[in-house]
Amino acid sequence: MWFVSLSSRILRSYSHVLGRRGCNTAAFMPEAAGFEGVSSRSSLQDFSVSNSDTFWSAVARHRLSWISPFTAVQDCDLSQGRIKWFDGGKLNVSINCLDRHVHTSPERVALIWEKDEPGSEVKITYRSLLEMTCRLGNLLRRHGVKKGDCVTIYMPACPLAVASMLACARIGAAHNVVFAGFSAEALSERIRDAQSTVVITVNQGVRGGRVIELKKTVDTAVQSCPTVKQVFVAMRTENPVIMTDRDVPMEEYVFSYNDGDIFGCVADIGWITGHSYAVYGPLANGGTTVLFESTPIYPDPGRYWEMVQRLKINQFYGAPTAIRLLLKYGNHWVQKYDRSTLKTLGTVGEPINTEAWQWYYSVVGDKRCPVVDTWWQTETGGICIAPRPSQPDAEIVPGMAMRPFFGIKPVLMDSEGKVATSNNTSGALCIAQPWPGMARTIHNDHQRFTATYCQPYPGYFFTGDGAYRSEEGYYQITGRLDDVINVSGHRIGTAEIEDVVNQCPAVAESAFAQRLPKTRSGKIMRRVLRKVVECETDTLGDLSTLDDPTVVEEIIQGHSELK
Ligand code: PRX
């Protein structure tokens with residue numbers, strides 16, 4: 001069947017060449033060069049029928065990669081119903097569909113996924129399709145699927161469905177693709193027929209603008225399929241579904257971490273990012289994690305990327321401040337290293353400005369790795385808002401954390417303490433319901449915990465951050481609402497800073513003012529500060545060059561409060 005369609009495709013695709021240029025067989029079918037007497041499309045047709053073995057042998061050898069070559073082209077006898085082609089030969093269809101092309105044109109688009117919503121197509125290259133396929137193949141193998149087994153695939157048309165099919169082919173399993181419009185009964189019948197131990201599905205399908213509960217259908221179907229041990233569930237939409245012990249999620253959700261990946265979170269373990277994403281998260285998932293002891297510029301500003309190359313890091317998770325720092329040293333520190341293993345680039349800790357985001361995306365990630373700007377905090381335990389919790393292909397807006405993670409319900413409070421219901425609005429970021437990873441108390445000070453996080457907006461967890469929700473419903477963190485500054489993603493209160501400043505012998509006392517007295521050209525008028533500290537506010541001198549003279553009043557006020 002496959003060969004019939006292949007041959008007709010060859011003929012069709014080269015016919016225009018013949019039509020225009022006549023009889024150069026090598027130009028329209030290289031392997032036909034050895035076919036005696038073939039100089040036109042019609043003569044090729046005659047040849048292929050009368051010299052069938054020669055024709056098919058040449059096509060098969062030329063167009064396919066064989067693990068072991070065939071010893072006989074065919075041994076067929078239609079009168080006896082004996083059909084044998086390419087006897088003794090061994091090939092893997094997944095290698096033929098993917099690996100061959102990845103060797104020559106890895107970035108060529110293999111799939112254009114025309115999604116339900118017009119205009120939201122997604123392009124998948126041969127390289128990513130191969131990656132997806134290999135990962136799925138390994139996953140299936142690890143869950144006991146072996147050569148000769150039959151895996152049932154109940155998925156809508158999506159890249160993961162293709163990868164699932166190819167993954168089965170890769171490990172020698174058969175696949176039983178069931179149309180995702182079939183009922184639970186029809187599905188169950190087909191699963192029983194195939195004796196599948198594994199079913200692959202998605203949480204929900206989307207068709208004609210309607211959401212279809214595919215996972216629920218599978219749940220019902222497998223009730224009468226005793227062979228099924230595992231149901232793999234990929235996320236086609238953002239809506240979580242009930243997962244049972246039998247169900248296995250198919251992605252890690254923010255970083256697209258997959259088994260065998262090297263996860264490179266460069267945060268120190270003394271901070272929450274190091275806790276959750278260098279230690280507990282990766283280890284709990286059986287992952288391989290990088291413990292980074294050094295700095296981004298030691299021994300030189302190429303350190304991160306040299307490490308990526310050497311350790312073959314797949315996910316890189318760092319802070320915007322380091323990215324901004326490295327950006328200044330220039331692209332060559334990045335480009336001299338091979339970063340082709342990188343799949344996802346993450347940032348955390350503070351808002352990432354557009355320039356840094358673009359550099360990270362374009363230079364570090366070669367415009368091929370999604371940048372996930374993840375928002376969370378020590379108190380939340382793990383990522384709460386990130387661009388791609390559920391859909392590996394979802395749109396990413398630079399500098400925006402965007403979408404809530406599973407189980408997280410963010411809300412914005414307006415100035416009256418009410419939940420803002422509209423989009424395109426800003427407010428205090430709260431989380432409307434609890435989740436397992438959240439802080440439960442402050443050690444030895446539960447009252448402070450409730451006062452800080454629970455009482456400001458009763459019934460909600462108050463994060464202390466301000467956020468903007470865009471017209472599309474995406475979240476962007478605007479910064480701390482409290483008296484805390486954020487340095488390199490580490491929140492530091494003014495008290496801690498004053499503490500350090502006051503350790504300097506030349507400093508008697510310190511406070512932080514909201515604003516400094518600056519001239520219109522941006523210079524700080526230090527004599528004003530000195531006069532305030534020396535309590536000589538009646539001899540401040542000429543203030544006419546100040547950009548905003550009211551700043552002086554603020555500073556005098558702050559200083560008198562300090563006293
Ligand atoms: O203000 C937010 C900022 O960092 C704060 C949390 O700091 P910490 O508990 O030290 O944890 C840092 C690592 C999770 C938040 O309240 N923050 C964190 N991520 C982002 C962010 N600000 C903007 N965008 C982010 N992606």
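Trainee: Let's begin with a cysteine: is Cys97 buried, partly exposed or exposed?

Mentor: Keep in mind that we are looking at a predicted model. Buried means under 20% relative accessible area and exposed means over 50%. Cys97 has a relative accessible area of 34%, so this residue falls in between and is partly exposed.

Trainee: And which class does Cys134 belong to?

Mentor: The same cut-offs apply, 20% for buried and 50% for exposed. Cys134 has a relative accessibility of 28%, so Cys134 is partly exposed.

Trainee: How many disulfides are there by the distance rule?

Mentor: The rule asks for a pair of cysteine sulfur atoms within 2.5 Å. Applied here, the count of disulfides is zero.

Trainee: Before we go further, what is the mean pLDDT of the chain?

Mentor: Confidence is worth checking early in a predicted model. Of the residues in the chain, 87% reach a pLDDT of 70 or more. The model also scores ipTM 0.99 and pTM 0.56. The mean pLDDT of the chain is 84.

Trainee: Over which residues does pLDDT stay under 50?

Mentor: Where pLDDT is low, the predicted coordinates should not be read in detail. The stretch you ask about has 28 contacts beyond four places in sequence in the model. The stretch is residues 1–23.

Trainee: What share of the chain counts as buried?

Mentor: The chain has 18 helices and 24 strands. Its accessible surface comes to about 29,500 Å², and 53% of that belongs to carbon and sulfur atoms. Of its 563 residues, the share that counts as buried is 44%.

Trainee: Among contacts with a separation of 6 or more, what percentage join residues 24 or more positions apart?

Mentor: A contact here is a pair with heavy atoms within 4.5 Å. For the contacts you describe, the share is 60%.

Trainee: In what order do the strands of the five-stranded open sheet run?

Mentor: The pairing in this sheet is parallel. Strand 6 and strand 11 (247–249) are its edge strands, each pairing on one side only. From one strand to the next, the twist averages 25°. The order is 6-5-7-10-11.

Trainee: Which residue of strand 6 is the bridge partner of Thr152?

Mentor: Strand 5 and strand 6 run parallel and are joined by four bridges. Cys150 stands opposite Ala174 in strand 6. For Thr152, the bridge partner in strand 6 is Asn176.

Trainee: How many of the five residues of strand 5 are buried?

Mentor: Cys150, Thr152 and Tyr154 point one way from strand 5, while Val151 and Ile153 point the other way. Both groups are buried. Strand 5 is therefore largely enclosed by the rest of the structure, and the count is five of the five.

Trainee: What helps to cover the buried residues of helix 8?

Mentor: Helix 8 spans residues 184–194, and its buried residues include Leu187 and Ile191. Just after helix 8, Gln195 takes a positive phi of about 55°. The cover for the buried residues of helix 8 includes strand 5 (150–154), strand 6 (174–177), strand 7 (198–202) and helix 9 (214–222).

Trainee: Moving to the four-stranded sheet, why is one side of strand 19 and of strand 22 left without a neighbour?

Mentor: Four strands form this open sheet in the order 19-20-21-22, with antiparallel pairing. Strand 19 (410–413) and strand 22 (475–480) stand at the edges, so one side of each has no neighbour in the sheet. Neighbouring strands of the sheet are turned by 45° against each other on average, direction ignored. The reason you asked for is that each edge strand has a single partner strand.

Trainee: Which residue of strand 22 is the bridge partner of Ala467?

Mentor: Strand 21 covers residues 461–469 and pairs with strand 22 in the antiparallel sense over five bridges. In strand 22, the bridge partner of Ala467 is Ile477.

Trainee: One last residue: how far apart in space are Ile272 and Glu379, C-alpha to C-alpha?

Mentor: Ile272 lies in helix 10 (residues 272–284), and at 22% relative accessibility it counts as partly exposed. Leaving aside neighbours within four places in sequence, Ile272 is in contact with Trp376, Gln377 and Thr378. Ile272 and Glu379 are 107 residues apart in sequence, and their C-alpha distance is 8.9 Å.

Note on methods: Residues numbered from 1 in each chain as written. Predicted model: local features only at pLDDT ≥ 70, side-chain atom pairs only at ≥ 80, totals over all residues. Heavy atoms only, no water. Pairing = 2+ DSSP bridges. Helix = DSSP H or I, 4+ residues; strand = E, 2+ residues; numbered from the N terminus. Axes fitted to C-alpha atoms, helices over the stretch in contact; angles between N-to-C directions. Buried < 20%, exposed > 50% of the residue type's maximum accessible area, 1.4 Å probe, protein only. Areas by Shrake-Rupley, 256 points an atom, 1.4 Å probe, with all protein chains shown as cover. pLDDT = per-residue confidence, 0-100.
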